Amino acid sequence: MIARRVELTWGSPAVVVALALLAGWGVGAAVALGSPVAALAVAGGLVATWAITRSVEASLLGLIVVASVLPYTVIPLRVGVALTALDAVMAAIVLGWLLRHALPARRLELTAGGFLVVAYLVTAVVALVVGTSYAMPSGAAVRSFLKYVVAIGLFVVVVDVVRDAATIRRLVRALILGGIVAAVLALAIQALPRPNIVDVLSSLSVVGYPSGPGVLRFLPAPNNTYSDTLRAVGTQIDPNVLGGMLMMAASLMLAQCFAQRSVLPRWLLVGGLGLAAVAMVLSQSRASWLGLAAAGGVLATIRDRRLWL
């Protein structure tokens, strides 16, 4: 009898079924512990882990999902430091790209901007090493520096991996849909009475979010005081972070509304742009408004310079 050799990969049916069973067990355990939010976090974490092992593009899509929905989720397993899901995904993307693409190929194609980014990162690392001869940085400072390097290094990964129009369209589509989801969450939470807003946002404490009345953010007033105007935060903790994220998605939606081949139906783009605009207004983030106005000015200039006359 000849034994058959079975190769298991992350995409093989047996592995997918095993991961599905593991996800079901994890979600069931989280529900049994009394937290549906934890159940969703467990399921999302398992799906993200599977996606990261599949491809760098899938990892980038997972990064967009995490950044749009629950960007400050803290991984319960501590490895010397409590990492957020966003930090872990970015680090996994950069390491996975190095191990599966850059090192095996023994080459790296960089754009002019990529060379400047790499030169800046090398300079930053050298400055840190040289600085240790004068004063040893704290553990928190080193961790912050590593997160900073990984976040900037993601630029090199994206430029190296995203090279065709189909991939760009998929990522732009994901960024737009993520922005729409973030806007819907922000508007839904903002529509609740203030005690309910505190309850909803405090329920996210099981995944590392802050809790209590401090989750409410108010518009600053003169003399270092705060007004009674409540600012929308969604699941982004800070209204300015929400505004910046929506500004980016709204700029893409605005551009796609005038594209010949839009990545999504125009009715969805127009509706999503409206939702994002309302959420940006409720966030009271003036910088996001200026950013969207600047994006509109650039788009108007590209399409027809006569609009400025």
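**A tour of a surface patch and three salt bridges**

Start by selecting Val122, Val126, Val130 and Tyr134: in this predicted model, these residues make up a nonpolar surface patch whose combined accessible area is about 430 Å². Within that selection, pick Val126, which sits in helix α5 (residues 112-131). Val126 is classed as partly exposed because its relative accessibility is 44%, and partly exposed covers the range between under 20% (buried) and over 50% (exposed).

Next, turn to the charged pairs. Side chains of opposite charge can pair when their charged atoms come close. The whole structure contains 5 salt bridges; three stops follow.

Select Asp160 and Arg163. Their side chains form a salt bridge, with an N to O distance of 3.6 Å.

Move on to Arg194 and Asp228. The closest N and O atoms of this salt bridge are 3.0 Å apart. Arg194 belongs to helix α8 (residues 194-202) and Asp228 to strand β2 (residues 225-231), so the pair ties together parts 34 residues apart in sequence. Color the two by accessibility: Arg194 is partly exposed at 32%, whereas Asp228 is exposed at 57%.

Finish with Asp238 and Arg217, a salt bridge with its closest N and O atoms 3.2 Å apart. Asp238 is in the loop between β2 and α9 (239-257), while Arg217 is in strand β1 (residues 217-221), so this pair ties together parts 21 residues apart in sequence. Is Asp238 buried or exposed? Asp238 counts as buried, because its relative accessibility is 18% and the cut-off for buried is under 20%. Its partner Arg217 is partly exposed, with a relative accessible area of 30%.

How values were computed
Residues are numbered from 1 along each chain as its sequence is written. This is a predicted model: local features need pLDDT of at least 70, side-chain atom pairs count only at pLDDT 80 or more; totals for chains, interfaces and linings use all residues. Side-chain values use heavy atoms; hydrogens and water are left out. Patches are made of residues with over 30% relative accessible area and no salt bridge: like charges are joined within 9 Å, nonpolar side chains (Val, Leu, Ile, Met, Phe, Trp, Tyr) within 5 Å. Accessible areas come from the Shrake-Rupley method with a 1.4 Å probe; for residues, only the protein chains shown count as cover. A salt bridge is a side-chain nitrogen of Lys or Arg within 4 Å of a carboxyl oxygen of Asp or Glu. Helices (H or I, at least four residues) and strands (E, at least two) are DSSP runs, numbered from the N terminus. Buried means under 20% relative accessible area, exposed over 50%, partly exposed in between (1.4 Å probe, protein chains only).
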